[in-house]
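Biologist: I am new to this structure and would like to go through it slowly, one question at a time. Could you bring it up first?

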Amino acid sequence: MNLTEFEKSLSNFCTGYETYTKLMSDIKQLDSLIQANEKQLNDSLIKIPFTRLYFVDGLGIFKHQTPTLLKQNRQLIIKYNRKLIKAKKLSSSLQKQLKTIRSDYLSSNGEESKAKDKLANKYLKQFWQI
């Protein structure tokens, strides 16, 4: 692949990686929201001592917040699963792109290798910083 194609591949990889990190951040945020929601749900139920069973309350009816919490939990889990599927697809795509970039970089020699090295340093420099 020539230098312009190599640069385009690097640019696409960097853009995809930024999207992936954003997705993972969103997934972590949704996970914390789901955990908080489930804690509220568990707090709204009454535990039967010495068992792993719960019931809603002494009258056998739901507390007023329970249906809303169930609906919110369902919506959060749907969003979580969709983002997780996108992240998995993007991850496999990024791995393929990186493998292609790496193999092309390793197969180049001479001046082309130096130019590709400069391009790779330019684009991937942001990921080396800690």
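Biologist: Which residue forms a salt bridge with K116?

Modeller: Please keep in mind throughout that this is a predicted model. K116 lies in helix α3 (residues 111-128) and its partner in helix α2, so the pair ties together parts that are 12 residues apart in sequence. The closest N and O atoms of the two are 2.6 Å apart, and the partner of K116 is D104.

Biologist: Is D104 buried or exposed?

Modeller: The cut-off to apply is that a residue counts as buried when its relative accessible area is under 20%. K116, the partner of D104, has a relative accessibility of 1% and falls below that cut-off. D104 has a relative accessible area of 10%, and D104 is therefore likewise classed as buried.

Biologist: Which residues are joined into one network by salt bridges that share partners?

Modeller: The search of the whole structure finds five salt bridges, and two of them have D26 as a partner. The side chain of K22 meets that of D26 at 3.0 Å, N to O, while K83 forms a salt bridge with D26 in which the closest N and O atoms are 3.3 Å apart. Through these shared partners the network is made up of K22, D26 and K83.

Biologist: How many residues apart in sequence are the parts that K83 and D26 tie together?

Modeller: On one side, K22 and D26 are four residues apart in helix α1 (residues 3-44), and are therefore separated by about one helical turn. K83, on the other hand, lies in helix α2 while D26 lies in helix α1, so this pair ties together parts whose separation in sequence is 57 residues.

Biologist: What is the distance between the end C-alpha atoms of helix α2?

Modeller: Helix α2 covers residues 66-107, which makes 42 residues, and at 1.5 Å a residue these should span 62 Å. The separation in the model agrees with that expectation, because the end C-alpha atoms of helix α2 are apart by 61 Å.

Biologist: Which residues is A120 in contact with, leaving aside its neighbours within four places in sequence?

Modeller: A120 has its place in helix α3, where it is buried, with a relative accessible area of 11%. The C-alpha atoms of A120 and E7 are separated by 8.0 Å, although these residues are 113 residues apart along the chain. Once the neighbours within four places are left aside, the residues in contact with A120 are F6, L10 and K125.

Conventions:
Residues numbered from 1 in each chain as written. Predicted model: local features only at pLDDT ≥ 70, side-chain atom pairs only at ≥ 80, totals over all residues. Heavy atoms only, no water. Helix = DSSP H or I, 4+ residues; strand = E, 2+ residues; numbered from the N terminus. Expected span 1.5 Å × (residues − 1). Salt bridge = Lys/Arg side-chain N within 4 Å of Asp/Glu carboxyl O. Buried < 20%, exposed > 50% of the residue type's maximum accessible area, 1.4 Å probe, protein only. Contact = heavy atoms within 4.5 Å.
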